[in-house]
Amino acid sequence: MAANFWTSTHYKQLLDPEEVDAVHPLDKEKGITTEDFKLIKFHLANYIWKLAQSVKVRQRVVATAITYMRRVYTRKSMSEYDPRLVAPTCLYLASKAEESMVQAKLLVFCIRKQCADDKYRFEIKDILEMEMRILEALNYYLVVFHPYRSLSQFLQDAGMEDMTQFTWGLLNDTYKMDLILVHPPHLIALASIYIASVYKDRDTTAWFEELRVDINAVKNIAMEILDFYENNKMCPEEKVAACLNKLALKPQI
């Protein structure tokens, strides 16, 4: 496992926002718009969160699973990689990668217990087969660097440990966006601290200057997070269902 973000596959795979938002041609043919694409990924992130609560895994597993899901759809179409199956399979794969193993049998049980819609119900073999496809789509690069560790170090350095819960919540919400595919994790952590300092009226100007980071980059990420809160307050199930219907996914037997 790479110990340094700057020499890792994660760093080498960072993308431009335009690349992350690009709808696959196969999905575009079926009428999927950029907004549909974002909404489906938002829905899948929430779905992974709910499943993770049922199977009781660490936060890092959830973050890694969502990152895998988002990476897959920068390379593969939703028409060919059924989102309803990709989400739980990414959680299964992430649990292994992060050494917090969840049995596929338990995952299938929790899906059936949680989802009234038969379209979300799969067998163990479905998850195992999709796991191999996802591994291939990810080029077997499974290392993900998250902003949580940097956050703890920065808060301690800034004497802002009392902001831990608030900033941690902000970081959790960034996984409902594609920030982890676009920005280095330490900048995402700093953006959450910047938001918290403004919200709580703390003057961190001198501290940020001492860090010698690109403060404009930090502020831009902070604005992306705030814009997300402003524009994505809900994820209506009806709209998600309409988007998925456009994909004309095969029903599960």
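Let me start with disulfides: in this predicted model, the count comes to zero. As a reminder, a disulfide is a covalent bond between the sulfur atoms of two cysteines. Two cysteines deserve a brief mention here. Cys-90 is buried, at 0% relative accessibility. Cys-110 also counts as buried, with a relative accessible area of 6%.

I turn now to the salt bridges, of which there are eleven. I shall present three of them in some detail.

The first joins the side chains of Lys-246 and Asp-36, with an N to O distance of 2.7 Å. Which parts of the chain does this pair link? Lys-246 belongs to helix H15, residues 237-246, whereas Asp-36 belongs to helix H4; the two residues are 210 apart, so that distant parts of the chain are linked. The partners sit in unlike surroundings. Asp-36 is buried because its relative accessibility, 11%, falls under the 20% limit. Lys-246, at 34%, is partly exposed.

The second pair also involves helix H4. Lys-41 and Asp-178 meet through their side chains in a salt bridge of 3.0 Å, N to O. Lys-41 lies in helix H4, and Asp-178 in the loop between helix H10 (164-174) and helix H11 (179-182); the bridge therefore ties together parts that are 137 residues apart in sequence. Are these two residues buried or exposed? Lys-41 is buried, at 1% relative accessibility, and Asp-178 is buried as well, at 13%. The pair does not stand alone: Lys-41, Arg-70 and Asp-178 are linked in a network of salt bridges.

The third pair is Glu-123 with Arg-112, whose closest N and O atoms are 2.5 Å apart. Glu-123 is in the loop between helix H7 (104-114) and helix H8 (124-137), and Arg-112 is in helix H7, so this bridge connects parts that are eleven residues apart in sequence. Glu-123 is partly exposed, with a relative accessibility of 37%. Arg-112 is partly exposed too, at 36%.

Next, the nonpolar core. The largest one contains 86 residues, and within that core Met-69, Tyr-73 and Leu-91 touch the most other members. Which helix supplies the largest share? Helix H4, residues 34-55, does so, with twelve residues. This is the helix that also holds Asp-36 and Lys-41, the salt-bridge residues discussed a moment ago.

Tyr-73 merits a closer look. Setting aside residues up to four places away in sequence, Tyr-73 touches Phe-37, Leu-44, Met-78, Tyr-81, Asp-82, Pro-83 and Val-86.

On helix packing, I have one example. The axes of helix H12 (residues 185-199) and helix H14 (residues 215-231) come within 8 Å and cross at roughly 70°. That angle falls in the range from 65 to 115 degrees, which means that H12 is roughly perpendicular to H14. On the H12 side, the contact is made by Leu-187, Ile-188, Leu-190, Ala-191, Tyr-194 and Ile-195. Helix H14 contributes Ala-217, Val-218, Lys-219, Ile-221, Ala-222, Ile-225 and Leu-226.

Finally, a loop residue. Ser-100 is located in the loop between helix H6 (83-97) and H7. Is this serine buried or exposed? At 18% relative accessibility, Ser-100 counts as buried, because the limit is under 20%. Not counting neighbours within four places in sequence, Ser-100 is in contact with Val-57, Arg-58, Val-61 and Ser-95.

Definitions and conventions: Residues numbered from 1 in each chain as written. Predicted model: local features only at pLDDT ≥ 70, side-chain atom pairs only at ≥ 80, totals over all residues. Heavy atoms only, no water. Core = buried A, V, L, I, M, F, W, Y, C linked by side-chain atoms within 4.5 Å. Buried < 20%, exposed > 50% of the residue type's maximum accessible area, 1.4 Å probe, protein only. Helix = DSSP H or I, 4+ residues; strand = E, 2+ residues; numbered from the N terminus. Contact = heavy atoms within 4.5 Å. Salt bridge = Lys/Arg side-chain N within 4 Å of Asp/Glu carboxyl O. Disulfide = S-S within 2.5 Å. Axes fitted to C-alpha atoms, helices over the stretch in contact; angles between N-to-C directions. Parallel < 35°, antiparallel > 145°, perpendicular 65-115°, else oblique.
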